[in-house]
Amino acid sequence: MSESAEDRLHRLLALSEALDDDVAKLLRKCPPASTRAAISVALCRAAFEHAISQRVLLERGLSGTAMALCRLQFEAVVRAAWTGQGATEKWIKAFTTPVDAEGHKEPIMGPPIPAMLDTFALHAPHVAAEFRKLYGTIEGMHSFVHGGAQAVVHALMGGYPAENLTRALFNRNLLQWFTANCAVVAAENAGLRPRLNLLREKHGRCMPPIAAAYPAQTSATETKRPSFSGDL
């Protein structure tokens with residue numbers, strides 16, 4: 001008997017929880033050693049929280065809010081990457097300078113996401129290319145964030161098709177891996193880099209392939225993943 005779309009989604013949710021556990025372990029091993037790193041790691045932790053919330057909401061059938069969080073997770077990961085390697089020291093200083101104003105006025109903000117990706121591409125072009133691919137899908141989640149047509153249709157339909165949720169969850173898991181990657185880069189601990197490969201090998205079944213890192217892979221289903229048992 002073939003696996004139903006709902007069964008596949010439930011199986012992917014279980015695999016995603018295991019991924020989350022190992023990403024959490026790796027994030028705890030990434031203490032920041034500079035102001036720049038502190039901002040980047042903090043954004044990684046924010047992205048991780050968005051990702052956990054997505055999974056929990058999908059498990060409860062609250063897919064509309066989960067879809068809105070896709071955009072928040074993506075932007076947090078991109079900002080973490082840009083802060084870690086693309087932002088200027090002038091921006092870092094301005095961002096961490098207290099604002100002398102009433103209310104909750106923000107300090108200087110970074111440029112729009114496309115501009116961040118352009119700058120980040122100078123340091124890590126392959127990763128920036130992966131982010132651009134995801135940006136094409138995350139942009140649609142803007143409608144859920146701001147109560148657009150997709151949010152209205154989703155509410156009228158009473159849910160999102162399981163196939164769509166599965167695709168969103170695959171992308172969410174890839175962003176989890178990039179979250180760990182950004183934190184390791186920010187921590188400047190070369191000893192942690194092999195753990196990223198272990199993370200990928202252990203949990204590759206629940207995320208799409210990364211072309212730059214795995215050039216021989218063409219799809220998540222056609223590639224035979226290596227087995228792995230161990231503690232990250």
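Let's start inside the fold, at L169: setting aside neighbours within four places in sequence, this residue is in contact with L9, L12, L13, S16 and L58. L169 sits in helix α9, and with a relative accessible area of 1% it is buried, since anything under 20% counts as buried. A51 offers another way to place this residue: the two are 118 residues apart in sequence, yet their C-alpha atoms are 9.3 Å apart in space. Please keep in mind as we go that this is a predicted model.

With that starting point in hand, we can step back to the whole protein. Its secondary structure comes to 10 helices and zero strands, so the order of elements from the N terminus reads α-α-α-α-α-α-α-α-α-α. Of the 232 residues in the protein, 44% are buried. The accessible surface is about 12,100 Å², and carbon and sulfur atoms account for 56% of that area. Sequence separation is also worth a look: if you take the contacts between residues at least 6 apart in sequence, 70% of them join residues at least 24 apart. The pair L169 and A51, 118 residues apart in sequence, gave us a view of such separation on the scale of single residues.

Now back to α9, the helix that holds L169. It has 26 residues and reaches 37 Å from its first C-alpha to its last, close to the 38 Å expected at 1.5 Å a residue. Most of this helix is covered, with 22 of its 26 residues buried.

What follows α9? The next residue is E188, whose phi is positive, near 55°, and this is a residue other than glycine. E188 belongs to the loop between α9 (162-187) and α10 (193-203). Is E188 buried or exposed? Its relative accessible area is 68%, so it counts as exposed, because the cut-off for that class is over 50%.

Beyond that loop comes α10, which brings us to a helix pair. Two packed helices are described by the angle between their axes and the distance between the axes. For α1 (residues 5-28) and α10, the angle is about 170° and the axes are 10 Å apart. That makes the two helices, α1 and α10, roughly antiparallel, because angles over 145 degrees fall in that class. On the α1 side, the contact is made by L15, A18, L19, D22, V23 and L26, while α10 supplies R195, L196, L199, K202 and H203. Sorted by class, the contact has seven nonpolar, one polar and three charged residues. As you look at the spacing of those positions, a reminder may help: an α-helix has 3.6 residues a turn, so residues three or four places apart point the same way.

Just after α1, K29 lies in the loop that leads from α1 to α2 (35-59). At 35% relative accessibility, K29 counts as partly exposed. K29 and V184 are 155 residues apart in sequence, while the distance between their C-alpha atoms is 8.4 Å.

A last stop is α3 (residues 63-85). How does its span agree with the value for 1.5 Å a residue? The 23 residues of α3 should span 33 Å, and the end C-alpha atoms are 33 Å apart, which agrees. Because 18 of its 23 residues are buried, α3 is largely enclosed by the rest of the structure.

Notes: Residues are numbered from 1 along each chain as its sequence is written. This is a predicted model: local features need pLDDT of at least 70, side-chain atom pairs count only at pLDDT 80 or more; totals for chains, interfaces and linings use all residues. Side-chain values use heavy atoms; hydrogens and water are left out. Helices (H or I, at least four residues) and strands (E, at least two) are DSSP runs, numbered from the N terminus. Buried means under 20% relative accessible area, exposed over 50%, partly exposed in between (1.4 Å probe, protein chains only). The expected span of a helix is 1.5 Å times one less than its number of residues. Contact means heavy atoms within 4.5 Å. Accessible areas come from the Shrake-Rupley method with a 1.4 Å probe; for residues, only the protein chains shown count as cover. Axes are lines fitted to C-alpha atoms, for helices over the stretch in contact, and angles run from 0 to 180 degrees between N-to-C directions. Angles under 35 degrees count as roughly parallel, over 145 as roughly antiparallel, 65 to 115 as roughly perpendicular and the rest as oblique. Ala, Val, Leu, Ile, Met, Phe, Trp, Tyr, Cys and Pro count as nonpolar, Asp, Glu, Lys and Arg as charged, and the others, Gly among them, as polar.
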